[in-house]
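Colleague: I am new to reading protein models, and I would love a close look at one part. Could you walk me through the sheet and what packs around it?

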Amino acid sequence: MARSTSRPVVGLDIGSLGIRAVELSGEPGHWTMERAASADLARGSVVNGAVRDPKAVADTLRTVWKQGRFTSSRVRFGITNSEIGRAHV
């Protein structure tokens, strides 16, 4: 099967316990995982989806990026926490 010519994309998940990233190439429905990496976060760095220690999160993200040797700067991530969906008046 020929490799897709589309640009790779990195999926990023920042959770309470750690940061995970995966680089995919291909097209929707036909993805190929190229690289993956993860690292644990210090306890309390992210609580209920909210970043409490930005330096710890940034340092861990750098570790994941270096470990994964990602080639793409295109990143996609979802955001969820207890504040999303709450009405602010």
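**The sheet and its surroundings**

Modeller: Happy to! Four strands make up an open sheet, in the order β3-β2-β1-β6, and their pairing is mixed. Please keep in mind that this is a predicted model. At the edges sit β3 and β6 (75-77), each of which pairs on one side only. From one strand to the next, the twist averages 25°.

Strands of a sheet pair through backbone hydrogen bonds, and they can do so either parallel or antiparallel. Here, β1 and β6 run parallel and are joined by three bridges. If you look along this pair, you will find L12 standing opposite F77 in β6. Now bring in the helix: α1 packs on the sheet, where it touches β1, β2, β3 and β6. The direction of α1 makes about 135° with that of β3.

Next, the nonpolar side chains. In soluble globular proteins, such side chains tend to be buried together. The largest nonpolar core in this model has 11 residues, and among them are V10, L12, I19, A39, V57, V64 and F70. Two or more residues of this core come from each of β1 (9-14), β2 (18-27), β3 (30-40) and α1 (54-68). V57 is a good residue to click on: leaving out residues up to four places away in sequence, V57 touches I14, I19, L41, S45, V46 and V51.

F70, another member of that core, also takes part in an aromatic pair. A pair of aromatic rings is described by the distance of the centres and the angle of the planes. For W65 and F70, the centres are 4.8 Å apart and the planes make 55°, so the pair counts as tilted, a label for angles that are neither under 30 degrees nor over 60. The two partners differ in exposure: F70 is buried because its relative accessible area is 11%, under the 20% limit, whereas W65 is partly exposed because its 26% lies between 20% and 50%.

Finally, visit S72, in the loop between α1 and β6. With a relative accessibility of 8%, S72 counts as buried. What does the side chain of S72 reach? It reaches the backbone oxygen of P8, at 2.8 Å. A polar atom of the S72 side chain also lies 3.0 Å from the backbone nitrogen of R74. Beyond residues up to four places away in sequence, S72 touches P8, V9, V10, E23 and W65. That brings us back to W65, the partner of F70 in the aromatic pair.

Terms used:
Residues are numbered from 1 along each chain as its sequence is written. This is a predicted model: local features need pLDDT of at least 70, side-chain atom pairs count only at pLDDT 80 or more; totals for chains, interfaces and linings use all residues. Side-chain values use heavy atoms; hydrogens and water are left out. Rings of Phe, Tyr and Trp (its six-membered ring) pair if their centres lie within 6.5 Å; planes under 30 degrees apart count as stacked, over 60 as edge-to-face and the rest as tilted. Buried means under 20% relative accessible area, exposed over 50%, partly exposed in between (1.4 Å probe, protein chains only). A nonpolar core is a set of buried Ala, Val, Leu, Ile, Met, Phe, Trp, Tyr and Cys residues joined through side-chain atoms within 4.5 Å. Contact means heavy atoms within 4.5 Å. Two strands pair if DSSP finds at least two bridges between them. Axes are lines fitted to C-alpha atoms, for helices over the stretch in contact, and angles run from 0 to 180 degrees between N-to-C directions. A polar contact is a pair of N or O atoms within 3.5 Å; within protein, one must be able to donate a hydrogen and the other to accept it, and residues adjacent in sequence count only if both atoms are side-chain atoms.
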